[in-house]
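Please open the model in your viewer and keep the sequence panel beside it. The tour below moves from one selection to the next and says what is found at each stop.

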Amino acid sequence: MSKIVLYMSMSVDGFITGPDDGMAHGLGVNGERLHDWLRPGGVDPGSHRPADETNATVFDEAMATGAVITGRRTFDHAGGWAGDHHDGVPIFVLTHAAPDEPAPGSARYVTDGIDSCVAQAKAAAGGRDIMMHGASTAQACLRAGLLDELELHLVPVLLGQGRRLFEDLPPDHVELELVRSLDGPGVLHLRYRVRTEG
């Protein structure tokens with residue numbers, strides 16, 4: 001059965017972008033440092049395959065997902081990945097209001113909440129896991145009890161400023177179970193399962 005997996009590069013102090021992230025700098029000032037582990041490669045996910053075996057394994061797992069869920073902010077800052085995040089899989093963009101223009105390529109806007117977004121992605125993923133992007137969307141998914149796993153790419157840098165992954169979570173207690181730890185050049189890949197009650 002499909003799992004919803006958040007894939008996120010993050011600094012040791014919890015930032016997923018540098019300061020001043022926006023359309024001109026999707027990852028903020030010096031935020032590209034968080035993706036150095038993907039090198040060498042091009043600018044799109046399809047050509048970003050790392051040369052190192054460990055990093056390549058983690059990358060290949062992400063690229064084997066059957067759908068993508070992302071927030072509108074992340075989608076816009078990434079230029080919508082020109083409508084194709086990887087291999088033409090459907091991209092579900094969670095947003096409060098869809099723009100007048102249709103989403104590019106294999107992307108579609110979802111305006112009726114995280115539950116619907118997850119259900120649509122699971123129906124489209126063909127049994128494969130679903131990649132999640134975006135801090136706000138991940139938090140909404142976590143609050144709804146729909147996030148299954150987190151693949152955090154912990155980069156040994158302190159950014160000091162920017163956007164934090166878990167900035168606006170309520171004070172609820174969320175237990176995570178470490179299911180894998182892989183040490184790659186310039187990054188520690190930590191995979192956690194979100195523990196559910198009972």
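What follows is a walk through the sheet, two helices, a group of aromatic rings and a few single residues.

Please note before starting that this is a predicted model, in which local features need pLDDT of at least 70 and side-chain atom pairs count only at pLDDT 80 or more, while totals for chains, interfaces and linings use all residues. Residues are numbered from 1 along each chain as its sequence is written, and side-chain values use heavy atoms, with hydrogens and water left out.

**The sheet**

Begin with the strands, which, like the helices, are DSSP runs numbered from the N terminus (E, at least two residues, for strands; H or I, at least four residues, for helices). Eight of the strands form an open sheet with mixed pairing, and their order across it is 5-4-3-6-1-7-10-9. Strand 5 (107-110) and strand 9 are the edge strands, each pairing on one side only, where pairing requires that DSSP finds at least two bridges between two strands. From one strand to the next, the twist averages 25°; axes here are lines fitted to C-alpha atoms, for helices over the stretch in contact, and angles run from 0 to 180 degrees between N-to-C directions.

Now select strand 1 and strand 6, which pair in the parallel sense over three bridges. Valine 5 has methionine 131 in strand 6 as its bridge partner.

**Helix 1**

Next, select residues 53-63, which make up helix 1, and colour Asn55, Ala56, Val58, Phe59, Ala62 and Met63, as these are buried (under 20% relative accessible area, with exposed meaning over 50% and partly exposed in between, for a 1.4 Å probe and protein chains only). If you look down the axis of helix 1, its buried residues fall within an arc of 165°, so they line one face of the helix; the arc is that of the directions from the helix axis to the C-beta atoms.

What lies over these buried residues? The cover includes strand 1 (4-11), strand 6 (130-133), strand 7 (149-155), strand 9 (176-184) and strand 10 (187-194). Helix 1 lies across these strands and runs at about 130° to strand 9. At the start of helix 1, zoom in on aspartate 52, where a side-chain oxygen comes to within 3.0 Å of the backbone nitrogen of threonine 54.

**Histidine 189**

From helix 1, move to histidine 189, which lies in strand 10 and counts as buried at 0% relative accessibility. Its side chain is joined to that of asparagine 55 by a polar contact of 2.7 Å, and to that of histidine 153 by a polar contact of 2.9 Å. A polar contact is a pair of N or O atoms within 3.5 Å; within protein, one must be able to donate a hydrogen and the other to accept it, and residues adjacent in sequence count only if both atoms are side-chain atoms. Leaving out residues up to four places away in sequence, the residues that histidine 189 touches (heavy atoms within 4.5 Å) include Trp37, Val58, Glu151 and Arg180.

**Helix 4 and threonine 70**

Select residues 135-143 for helix 4, which lies across strand 1, strand 3 (67-71), strand 4 (91-94), strand 6 and strand 10, and runs at about 120° to strand 6. The buried residues of helix 4 are Ala135, Thr137, Ala138, Gln139, Cys141 and Leu142. After helix 4 comes glycine 145, with a positive phi near 75°.

Threonine 70, found in strand 3, is buried at 0% relative accessibility. Apart from neighbours within four places in sequence, its contacts include Thr137, His133, Phe75 and Trp81.

**The aromatic cluster**

Finally, show the side chains of Phe75, Trp81 and Tyr109, which form one aromatic cluster. Rings of Phe, Tyr and Trp (its six-membered ring) pair if their centres lie within 6.5 Å, and planes under 30 degrees apart count as stacked, over 60 as edge-to-face and the rest as tilted. The structure holds two aromatic pairs. Phenylalanine 75 and tryptophan 81 form an edge-to-face pair, 5.9 Å centre to centre with 65° between the planes, and both residues are buried. The rings of phenylalanine 75 and tyrosine 109 have centres 6.1 Å apart and planes at 85°, so this pair is edge-to-face. That pair links distant parts of the chain, with phenylalanine 75 in helix 2 (residues 72-77) and tyrosine 109 in strand 5, 34 residues apart.

Is tyrosine 109 buried or partly exposed? At 21% relative accessibility, tyrosine 109 counts as partly exposed, whereas phenylalanine 75 is buried, with a relative accessible area of 2%.
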